Amino acid sequence: MIDLRRHNSNFCVEHFLRFCRDQVERTIAEFEMFSKTDRLLVAVSGGKDSLAIWDLLLETGYRVDGLYVGLGIGEYSESSGVYARSFASSRSATLIEVDLPGEYGYDIPGGAKAARRAPCSACGLTKRHLFDAAAVDGGYDALVTGHNLDDEAAVLFGNTMKWQTEYLARQAPVLEARAGFPRKAKPLVRLSEREMAAYCILRGIDYIVDECPMAAGNRHLGYKEVLNDLEARSPGAKADFYFNFLRSAARHFTISDTGDAAGLGHCERCGAPASGEVCAFCRLVERAGGSQPVRLSSTRRGSAA
Ligand code: Q46
Ligand code: ZN
């Protein structure tokens, strides 16, 4: 029996799995994320959320490939790659792999240090760039990520604490494709971290349980703790915070012209959208002591406005 306090319900295994599928289908429909004829690319870390959403989408009949980026974070990256590959082969699904040290010449711990950036900042920039490039260059209709309710509520909390209006404007569960950027969708926003762990266990999905060793001190984790305290006192608080924001407040924040892709040119090194001559990712690669792999062409360059 699975007890979901915020829904005031107990579920047996079969009903819990159906509940997860229904929540995902409802989110996809409500936010018009994508359809069954679209080609989807899910960013897979080897953790519970990304493997769960890949499984849920395959189970419900979507056309979805996986993308795994090896970040070179020691043992953690080695194990997470094993989980991602093993899931893909168990479902006969396609997994695209990008090996950061092998292809770009730096790993996250060393690169962040050399570039004098916090590891999660270098990592976030790297992943965003590689995910976007893989989705656009692969001709996918949408890039899917496994962000769950806890993740989105924590990000919203952080953005609200600092009133980062530009980020608040981008906090929708789906973002339209813009010149050179893919459509992005987060179909797990109605499901919590705990629910995703239960889903994986019940579906027999092996995932990396260890936290990334670079996460210590990450502000995001602190926000999650605060929200978990609130949720323990008042079940449903996280969902109310996030969904009431979407319903009542999100429309008051708009993406400014300076933050919009309409005014962007192309990076002269990789073709990605960039506000200057060289994009932030290529600047990071350079400072981290790496190099861009030689690419024959990039659809990102061709598709940008
Ligand atoms: S992988 Fe990368 Fe996370 Fe590790 S270095 Fe930070 S951002 S914590 S999701
Ligand atoms: Zn670039």
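Modeller: Let's start with the vocabulary: helices (H or I, at least four residues) and strands (E, at least two) are DSSP runs, numbered from the N terminus. This is a predicted model, where local features need pLDDT of at least 70, side-chain atom pairs count only at pLDDT 80 or more, and totals for chains, interfaces and linings use all residues. Residues are numbered from 1 along each chain as its sequence is written, chains are lettered from A and ligands numbered from 1 in the order written, and side-chain values use heavy atoms, with hydrogens and water left out.

Colleague: Which helix do Glu14 and Arg18 lie in, and how many residues apart are they?

Modeller: Both sit in helix H1 (residues 13-30), four residues apart, about one turn of the helix. Their side chains meet in a salt bridge, 3.4 Å from N to O. That term means a side-chain nitrogen of Lys or Arg within 4 Å of a carboxyl oxygen of Asp or Glu.

Colleague: How many salt bridges does the structure hold?

Modeller: There are 18. One of them joins Arg6 to Glu195, with the closest N and O atoms 2.8 Å apart. This pair links distant parts of the chain, 189 residues apart: Arg6 is in the loop between strand E1 (2-4) and strand E2 (9-11), and Glu195 is in helix H9 (residues 193-203).

Colleague: Are Arg6 and Glu195 buried or exposed?

Modeller: Here's the scale: buried is under 20% relative accessible area, exposed is over 50%, and partly exposed is in between (1.4 Å probe, protein chains only). Arg6 has 22%, so it is partly exposed, whereas Glu195, with 3%, is buried. Back in H1, Arg18 is partly exposed at 41%.

Colleague: Which residue forms a salt bridge with Arg170?

Modeller: That's Glu166, with the closest N and O atoms 3.6 Å apart. Arg170 is partly exposed at 21%, and Glu166 is partly exposed at 23%. Salt bridges can also share partners: Arg21, Asp55, Glu59, Arg91 and Arg203 are joined that way into one network.

Colleague: How do I check a helix's length, say for H2?

Modeller: The expected span is 1.5 Å times one less than the number of residues. H2 (residues 48-59) has twelve residues, so it should span 16 Å, and its end C-alpha atoms are indeed 16 Å apart.

Colleague: Why is H2 described as largely enclosed by the rest of the structure?

Modeller: Because ten of its twelve residues are buried. Among them are Leu51, Ile53, Trp54 and Leu56. After H2 comes Gly61, whose phi is positive, near 90 degrees.

Colleague: What is the usual sign of phi in residues other than glycine?

Modeller: Most residues other than glycine have a negative phi. Ser92 has a positive one, near 50 degrees. Ser92 lies in the loop between helix H3 (74-90) and strand E5 (95-99) and is exposed at 68%. Trp163 has a positive phi too, near 45 degrees; look for Trp163 in the loop between helix H7 (149-161) and helix H8 (165-169), where it is exposed at 56%.

Colleague: Which residues form a positive surface patch?

Modeller: Patches use residues with over 30% relative accessible area and no salt bridge; like charges are joined within 9 Å, nonpolar side chains (Val, Leu, Ile, Met, Phe, Trp, Tyr) within 5 Å. Here Arg116, Arg117, Arg128, Arg283 and Arg287 form the positive patch. Arg116 is in the loop between helix H5 (108-114) and helix H6 (119-137), and is exposed at 75%.

Definitions and conventions
Accessible areas come from the Shrake-Rupley method with a 1.4 Å probe; for residues, only the protein chains shown count as cover. Lys and Arg count as positive and Asp and Glu as negative; His and the chain ends are not counted. The place of a charge is taken as NZ of Lys, CZ of Arg, CG of Asp or CD of Glu.
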